[in-house]
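Take a moment to look over the sequence and turn the model around on your screen. Then read on with both in view.

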Amino acid sequence: MKTTVSAFIGALALGVSFAGMASAADTSVCLVTKTDTNPFFVKMKEGATAKAKELGVTLKAYAGKIDGDSESQVAAIETCIADGAKGILITASDTKGIVPAVQKARDAGLLVIALDTPLEPIDAADSTFATDNLLAGELIGKWAAATLGDKAKDARIAFLNLTPSQPSVDVLRNQGFMKGFGIDVKDINKIGDEDDARIVGHDITNGNEEGGRSAMENLLQKDPTINVVHTINEPAAAGAYEALKAVGREKDVLLVSVDGGCPGVKNVAEGVIGATSQQYPLAMAALGVEAVKKFADTGEKPKPTEGKSFFDTGVTLVTDKPVAGVESIDTKQGLAKCWG
């Protein structure tokens, strides 16, 4: 009882939102995101809320204080178990550290679906509904290399990553970019073991604009000739651009990212970001709610996309400067599909 109460109080402190209180007969779904401020997770919550209303499902949404706040996510899982939820949809901040809490939920009979960020190992969750993040990184890597042409062999590349724990989404996008750009990734499951001389270094952004700015400043101090920047997401890219602008480098650095939110796509249209890989969080979360409802009604668990270890919710390169051999859409089309 002590654990239940403390977990519940902790979750309330994190800004839990309830779409009604569930009775014992209700199908209750928990959505646990990394933050409630990043537009990606805001849209994810919108998708889950709309689908829950459509299906008559009770949704309870939880979020950490910042990206990387795994302790809050553990508390949320404990609360969901105690409340008798049928399933949990989670974007994990610590994809390894969250596994014991996820296993506890599964042992209690809950369906656990990882959204966007696969757990480590991926089968620690019952299913994963996600963008192919390796492909997302590979698309922007290929685009950057093709855009530079012969100059790619002398590139000076900065990597603006997520958190020190190297969650799977961070590793996949990072290593995907390297693969697309033509860098030997060594161990594709790890960031930082590469020895390509073009890599200036890595820094941490926590997936937000302030973090992107400070990380870019740090790496520019290390090498002011950086001319290619890979960013974990578009808020980090926006911060990196401000740091580049402050030193007059904003026009001669190729900045690429992943997300496809409306602010990010507008930044592509304005030339702030060269290209971004667009993912679809609203659909991702809505499909997750549908899967939990089906599980509650029939006991059936979702199946992965054929040939993959997860259910692929799609990714598309968005740029107004297309290159041969890399399929893309322009920002007009990207804005029609964006979120946030």
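Here is a short tour of a nonpolar core, a helix and some salt bridges.

Keep in mind that this is a predicted model.

**The core**

Let's begin on the inside. The largest nonpolar core has 26 residues, and the members that touch the most others are Trp-143, Ile-157, Phe-177 and Phe-181. Four elements each supply at least two residues of this core: the helices α5 (133-148) and α6 (168-181), and the strands β7 (157-161) and β10 (254-259). With seven residues, α5 gives the largest share.

Now pick out Ile-157 and see who its neighbours are. Leaving aside residues up to four places away in sequence, Ile-157 touches Phe-177, Phe-181, Ile-183, Arg-198, Ile-199, Val-200, Gly-201 and Val-228.

**A helix with two sides**

Next, find α4, which runs over residues 99-107. Which residues of this helix are buried? They are Val-99, Ala-101, Val-102 and Ala-105. These four sit on the same side of α4, because they cover an arc of only 160° around the axis. Flip to the other side of α4 and you meet Pro-100 and Asp-107, which are exposed. The cover over the buried residues includes α3 (70-82), β4 (87-90) and β5 (111-115). After α4 comes Gly-109, with a positive phi near 95°.

**Salt bridges**

Side chains of opposite charge can pair when their charged atoms come close. In the whole structure, a search turns up 22 salt bridges. Here are three of them:

| Pair | Closest N to O |
|---|---|
| Asp-132 and Lys-308 | 3.2 Å |
| Asp-184 and Lys-186 | 3.3 Å |
| Arg-213 and Glu-209 | 3.7 Å |

The pair Asp-132 and Lys-308 links distant parts of the chain, with the two positions 176 residues apart. Asp-132 lies in the loop between β6 (127-130) and α5, while Lys-308 lies in the loop between α10 (281-298) and β12 (311-312). Is Asp-132 buried or exposed? Its relative accessibility is 15%, so Asp-132 counts as buried. Lys-308, at 31%, is partly exposed.

In the second pair, Asp-184 is partly exposed at 45% relative accessible area, and Lys-186 is partly exposed at 42%.

The third pair belongs to helix α7 (residues 209-222), where Arg-213 and Glu-209 are four residues apart, so about one helical turn separates them. Arg-213 is partly exposed, with a relative accessible area of 30%, and Glu-209 is partly exposed too, at 37%. Elsewhere on the list, Lys-51, Glu-54 and Glu-290 are joined into one network by salt bridges that share partners.

Definitions and conventions
Residues numbered from 1 in each chain as written. Predicted model: local features only at pLDDT ≥ 70, side-chain atom pairs only at ≥ 80, totals over all residues. Heavy atoms only, no water. Core = buried A, V, L, I, M, F, W, Y, C linked by side-chain atoms within 4.5 Å. Buried < 20%, exposed > 50% of the residue type's maximum accessible area, 1.4 Å probe, protein only. Contact = heavy atoms within 4.5 Å. Arc of directions from axis to C-beta. Salt bridge = Lys/Arg side-chain N within 4 Å of Asp/Glu carboxyl O.
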